[in-house]
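Got your viewer open and a selection tool at hand? Let's walk through this one stop at a time, picking residues as we go.

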Amino acid sequence: MEKKFIKNIEFSKALDFASLVDYKPGQVISLTLAQNDSVTLTLFAFGKGEGVSTHSAPGDAMVYMLDGTAEITIGEEKITASAGQTVIMPNNIPHGLEAVENFKMLLILVK
């Protein structure tokens, strides 16, 4: 069998990306799709009011919003992002996010 670089998702099939993670009130649900020294792909579902505290990452992080709305803080700047929008968080700049309402995102971290 050939090595697969992407995991936890069906191959050779059209999928509704947002349906791969479900909301759970008061929780953050994640599904890692790929992780290695260069890139990480993770789907997240955040319940309203949940978030990720301010931190820095050793690579550029791209958030693609699948559903809902989040407030993303990068340094001193606050950005509101909704379904269909993308926000890039540069490496080594403190960033965090909070669910304004339930939201789902794809996080791509490139190192």
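Before the opening stop, one term: a salt bridge here means a side-chain nitrogen of Lys or Arg within 4 Å of a carboxyl oxygen of Asp or Glu. Also keep in mind that what you're looking at is a predicted model.

**Stop: the charged pairs**

Select Glu-71 and Lys-78 and show their side chains. They meet in a salt bridge, with N to O at 3.9 Å. That fits under the 4 Å cut-off. How exposed are the two partners? Lys-78 is exposed, with a relative accessible area of 55%, while Glu-71 is partly exposed at 29%. The general idea is simple: side chains of opposite charge can pair when their charged atoms come close.

How many salt bridges does a search of the whole structure find? Two. For the other pair, select Lys-13 and Glu-10, where the closest N and O atoms are 3.4 Å apart.

**Stop: the segment before S1**

While you're at that end of the chain, pick Phe-5, which lies in the segment before strand S1 (28-35). Is Phe-5 buried or exposed? Its relative accessibility is 62%, so it counts as exposed. Add Ile-6 and Phe-11 to your selection and switch on the surface: with Phe-5 they form a nonpolar patch there, with about 320 Å² of accessible area together.

Now check some backbone angles. Most residues other than glycine have a negative phi. Click on Asn-8, though, and you'll find a positive phi of about 60 degrees, although it is not a glycine. Asn-8 sits in the segment before S1 and is partly exposed, at 47% relative accessible area. Go on to Ser-12, also placed in the segment before S1. Its phi is positive too, near 55 degrees, and Ser-12 is exposed, with a relative accessible area of 83%.

Still in the segment before S1, select Ala-18. Here the picture changes: at 17% relative accessibility, Ala-18 counts as buried, because the cut-off for buried is under 20%. Leaving aside neighbours within four places in sequence, Ala-18 is in contact with Leu-66 and Lys-104. If you'd like a distance to try, draw a line from the C-alpha of Ala-18 to that of Gln-85: they are 67 residues apart along the chain and separated by 14 Å.

**Stop: the nonpolar cores**

Hide the surface and head inside. In soluble globular proteins, nonpolar side chains tend to be buried together. Which residues have the most contacts inside the largest nonpolar core? Select Ile-72, Phe-103 and Met-105; the core has 18 residues. Then colour strand S2 (39-46), strand S4 (60-74), strand S6 (86-89) and strand S7 (95-110), since each supplies at least two residues of this core.

Zoom in on Phe-103. Not counting residues up to four places away in sequence, Phe-103 touches a long list of residues, including Tyr-23, Phe-44, Phe-46, Met-65, Ala-70 and Leu-97.

There's a second, separate core to select as well, made of eleven residues, among them Val-21, Ile-29, Leu-106 and Ile-108.

**Stop: Thr-42**

Next, pick Thr-42 in strand S2. At 6% relative accessibility, Thr-42 counts as buried. Beyond its neighbours within four places in sequence, Thr-42 is in contact with Ser-30, Leu-31, Thr-32, Leu-33, Met-105, Leu-106 and Leu-107. Take one of those, Thr-32: it is ten residues from Thr-42 in sequence, with 4.3 Å from C-alpha to C-alpha.

**Last stop: His-95**

Finish at His-95, in strand S7. With 4% relative accessibility, His-95 counts as buried. What does its side chain reach? Show the backbone oxygen of Ile-93, and you'll see the side chain of His-95 reaching it at 2.9 Å. Then expand your selection: leaving aside neighbours within four places in sequence, His-95 is in contact with Ser-53, Thr-54, His-55, Ser-56, Ala-57, Thr-73, Ile-74 and Met-89.

Key
Residues numbered from 1 in each chain as written. Predicted model: local features only at pLDDT ≥ 70, side-chain atom pairs only at ≥ 80, totals over all residues. Heavy atoms only, no water. Core = buried A, V, L, I, M, F, W, Y, C linked by side-chain atoms within 4.5 Å. Buried < 20%, exposed > 50% of the residue type's maximum accessible area, 1.4 Å probe, protein only. Helix = DSSP H or I, 4+ residues; strand = E, 2+ residues; numbered from the N terminus. Contact = heavy atoms within 4.5 Å. Patch = residues over 30% accessible without salt bridge, like charges linked within 9 Å, V, L, I, M, F, W, Y side chains within 5 Å. Areas by Shrake-Rupley, 256 points an atom, 1.4 Å probe, with all protein chains shown as cover. Polar contact = N/O pair within 3.5 Å; in protein donor to acceptor, adjacent residues only side chain to side chain.
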